[in-house]
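Work through the exercises below with the model open beside you, and try each task before you read its solution.

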Amino acid sequence: MLAFYAFQTLPVNYAGLLLILIGIVLFLLEVKLTSYGALTAGGIVSITLGSVMLFDSTLPFLRVSLTVILPAALVTALFFFITFRLAYTAHLRKPVTGKESLIGLQGITRAETGPSGGMVRVHGEIWSAWSDDLICAGRKGHCRSDTGIKG
């Protein structure tokens with residue numbers, strides 16, 4: 001209610017207000033949609049232009065100062081850059097829990113393991129596993145080789 005009262009007494013440019021609202025919507029959409037930063041860039045530009053256009057007055061004290069607009073836009077851009085950079089590096093990291101974390105690890109077979117399946121021990125846990133080649137119980141490698149261990 002106070003905002004609407006202030007808008008009535010101040011010379012508000014509704015196009016600037018709409019640009020600020022569109023910028024906020026673009027930021028929220030960036031969280032839900034994968035745009036690789038395009039929506040964030042559009043949101044920063046929209047909020048910056050909307051802030052510059054917000055108050056339509058010839059008097060400088062009734063306008064939003066660039067010393068307020070530019071740092072706010074830079075801090076917002078920096079926040080989203082750091083947030084998305086951290087999210088991207090977390091996405092690239094190998095999983096550390098669940099069956100996805102076991103891909104590529106070596107284990108010791110508890111029972112003969114082959115294409116039909118078997119049991120292996122990895123990191124102190126027993127898992128169901130399968131192998132294209134037959135692996136004898138208690139081994140890391142193929143049953144055919146007595147000298148080499150092949151994972």
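The exercises that follow deal with helices, buried residues, a surface patch and aromatic rings.

This is a predicted model, in which local features need pLDDT of at least 70 and side-chain atom pairs count only at pLDDT 80 or more, while totals for chains, interfaces and linings use all residues. Residues are numbered from 1 along each chain as its sequence is written, and side-chain values use heavy atoms, with hydrogens and water left out.

**Exercise 1. Compare the span of helix H3 with its expected span.**

Step one is to know the terms: helices (H or I, at least four residues) and strands (E, at least two) are DSSP runs numbered from the N terminus, and the expected span of a helix is 1.5 Å times one less than its number of residues. Step two is to apply this to H3, whose 16 residues should span 22 Å at 1.5 Å a residue. Step three is the check: the end C-alpha atoms of H3 are 22 Å apart, which agrees. Helix H4 (residues 66-92) can be treated likewise, since its 27 residues reach 38 Å from the first C-alpha to the last, close to the 39 Å expected.

**Exercise 2. Find which residues of H3 are buried, and what they pack against.**

Begin with the cut-offs: buried means under 20% relative accessible area, exposed over 50%, and partly exposed in between (1.4 Å probe, protein chains only). The buried residues of H3 are Leu 39, Thr 40, Gly 43, Ile 44, Ser 46, Thr 48, Gly 50 and Ser 51, and they pack against H2 and H4. Take Gly 50 as one of them: its relative accessibility is 0%, so it counts as buried. Contact means heavy atoms within 4.5 Å, and, leaving aside neighbours within four places in sequence, Gly 50 is in contact with Gly 16, Leu 19 and Ile 20. Thr 40 is buried as well, with a relative accessible area of 6%, and it touches Phe 27, Glu 30, Phe 80 and Phe 84, not counting residues up to four places away in sequence.

**Exercise 3. Describe the burial of H4 and the aromatic rings.**

In H4, Ile 69, Ala 73 and Phe 80 are buried, and the cover of the buried residues of H4 includes helix H2 (14-32) and helix H3 (38-53). For Phe 80 the relative accessibility is 12%, and therefore it counts as buried. Turning to the rings, those of Phe, Tyr and Trp (its six-membered ring) pair if their centres lie within 6.5 Å, and planes under 30 degrees apart count as stacked, over 60 as edge-to-face and the rest as tilted. The structure holds three aromatic pairs. One of them joins Phe 79 and Phe 80, with 5.3 Å centre to centre and 80° between the planes, and is edge-to-face. Ring pairs link Phe 27, Phe 79, Phe 80 and Phe 84 into a cluster.

**Exercise 4. Identify the residues of the nonpolar surface patch, and the elements that supply them.**

The patch of about 490 Å² is made by Val 45, Leu 49, Val 52, Met 53, Leu 66 and Leu 70. H3 and H4 are the elements that give two or more residues to the nonpolar patch, and the largest share, four residues, comes from H3. Patches are made of residues with over 30% relative accessible area and no salt bridge, nonpolar side chains (Val, Leu, Ile, Met, Phe, Trp, Tyr) being joined within 5 Å and like charges within 9 Å; a salt bridge is a side-chain nitrogen of Lys or Arg within 4 Å of a carboxyl oxygen of Asp or Glu. As a last step, look at Leu 70, which lies in helix H4 and is partly exposed, with a relative accessible area of 44%.

Terms used:
Areas by Shrake-Rupley, 256 points an atom, 1.4 Å probe, with all protein chains shown as cover.
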